[in-house]
Amino acid sequence: MESMFQFHQVHYKYTKDRQAALNGVTFDIPRGKKTAIVGPNGAGKSTLIFHMNGLYLCHSGEVIINGEKVTSRNRQEWTRRIGVVFQDPDDQIISMTVKDDVAFGPLQQGLSPAAAHQKAADSMKLLSITELAELNPSELSFGQKKQVAIAGVVAMDTDTVILDEPMAFLDPLGQQRIQEIMDLLAASGKTVIIATHNMQLVAEWADHVVVMKHGACLGSMSPRDLFCSHPDLLAEAHLDLPPVMRLLSGLEWEDPSQQPIRIEEARAWLAGQLLWKNQETIRS
């Protein structure tokens, strides 16, 4: 599987007298897949993100993006080419109207005003937020601001979109809408990466998971492999199983790797159990 990001023994400290934010981190993130970076607060998730778009340079080790090592000479290129959506959209939205804010990124990439605003219009149409174009961002709900921040990154037409805690502070409908957008981006062929504490989201959405704790990578694998075969890594990272798995905990599984981790899988398993029980009742 081709890698979009490769971290090789990456170390990073914010100041010399502080504990390392990243301590010998090594893992790959596949191209064109949906990856979740998980871990407790202080695990290094945000620091990883800022290495992925060239904002930070590692103090030792290597960060390789699309086969090219990130250096002081090319870091600004990756800042333009890797889209990042912050946890709080107010940290990202700066313009007086939504349409101008969505066009800001393309303008920084060197597009003409006309071309940048066309990119913005296409992005807002794709995310179904065209009706917000003329509004001042201060008039929007938190969930709408999230969508505007994502639209700004989409307008830059980057191959990779990274979202830091995309579901934070959103109500269920807002979370559903953001997940639909994440799926839309992935379906278009982009590499989509999220940092999250939400294990059910990881189970439902991700193809690949990176588990972090105290600046170290504990493992990198599929969600099913993590939840079914390596729950010890979750415990070590102070994370829990997805709610669906906790609901069915205590049951005996012939093949633990096939236990439901997603809501639809659990629904199908429960339906099968009810059918079997009904058939047994009829026979008796």
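Two strands count as paired if DSSP finds at least two bridges between them. In this predicted model, two bridges join strand S4 (residues 60-65) to strand S5, and one of the pairs is Ile64 with its bridge partner Lys69 in S5. The protein as a whole has 11 helices and 10 strands. The points below go from overall form to sheet, cores, single residues and charged pairs.

**Overall form**

- The protein has 284 residues and a radius of gyration of 21 Å. A compact globule with that number of residues would have a radius near 19 Å, so the value agrees with a compact globule.
- Taken along the principal axes, the box filled by the C-alpha atoms is roughly 75 × 50 × 35 Å.
- Of the 284 residues, 47% count as buried.
- Take the contacts between residues at least 6 apart in sequence: 63% of them join residues at least 24 apart.

**The open sheet**

- Four strands make up an open sheet, and their order is S2-S1-S4-S5.
- The pairing in this sheet is antiparallel, and that includes the run of S4 against S5.
- Which strands lie at the edges? They are S2 (22-30) and S5 (68-69), each of which pairs on one side only.

**Nonpolar cores**

- In soluble globular proteins, nonpolar side chains tend to be buried together.
- The largest nonpolar core here has 51 residues, and the members that touch the most others are Ile150 and Phe227.
- Helix H5 (residues 142-155) gives the most to this core, with seven residues.
- A second core, separate from the largest, has 28 residues, including Ala43, Ile49, Tyr56 and Val210.
- Which residues does Phe227 contact, leaving aside its neighbours within four places in sequence? They are Met199, Val202, Ala203, Leu234, Leu241, Pro242, Met245 and Ile261.

**His51**

- His51 is part of helix H1, which covers residues 45-52.
- Is His51 buried or exposed? His51 counts as buried because its relative accessibility is 1%, and the cut-off for buried is under 20%.
- Leaving aside neighbours within four places in sequence, the contacts of His51 include Phe7, Val10, Tyr12 and Leu22. Tyr56, Leu57, Cys58, Val63 and Ile65 are also in contact with His51.

**Cysteines**

- A disulfide is a covalent bond between the sulfur atoms of two cysteines.
- How many disulfides does the structure hold? The number is zero.
- Why is Cys58 not bonded to another cysteine? The closest cysteine sulfur, in Cys217, is 15 Å from the sulfur of Cys58, which is too far for a bond.
- For Cys228 the closest cysteine sulfur is also in Cys217, and at 19 Å it is too far for a bond.
- Cys228 is buried, with a relative accessible area of 11%.

**Salt bridges**

- Side chains of opposite charge can pair when their charged atoms come close.
- The structure holds 13 salt bridges.
- One of them joins Asp183 to Lys34, with the closest N and O atoms 3.9 Å apart. This pair links distant parts of the chain, since Asp183 is in helix H6 (residues 172-187) and Lys34 is in strand S3 (residues 34-38), 149 residues apart.
- Asp183 is partly exposed, at a relative accessible area of 31%, whereas Lys34 is buried, at 18%.
- Another salt bridge joins Glu77 to Arg80, and the closest N and O atoms are 2.8 Å apart. Glu77 and Arg80 are three residues apart in helix H2 (residues 75-81), so about one helical turn separates them.
- Glu77 also meets Arg81 in a salt bridge, at 3.9 Å from N to O. Both residues lie in helix H2, four residues apart, which is again about one turn of the helix.
- Salt bridges thus link Glu77, Arg80 and Arg81 in a network.
- Each member of the network counts as partly exposed: Glu77 at 34% relative accessibility, Arg80 at 35% and Arg81 at 33%.

Methods
Residues are numbered from 1 along each chain as its sequence is written. This is a predicted model: local features need pLDDT of at least 70, side-chain atom pairs count only at pLDDT 80 or more; totals for chains, interfaces and linings use all residues. Side-chain values use heavy atoms; hydrogens and water are left out. A disulfide is a pair of cysteine sulfur atoms within 2.5 Å. Buried means under 20% relative accessible area, exposed over 50%, partly exposed in between (1.4 Å probe, protein chains only). Contact means heavy atoms within 4.5 Å. A salt bridge is a side-chain nitrogen of Lys or Arg within 4 Å of a carboxyl oxygen of Asp or Glu. A nonpolar core is a set of buried Ala, Val, Leu, Ile, Met, Phe, Trp, Tyr and Cys residues joined through side-chain atoms within 4.5 Å. The radius of gyration is taken over C-alpha atoms; the globule rule is 2.2 Å times the number of residues to the power 0.38.
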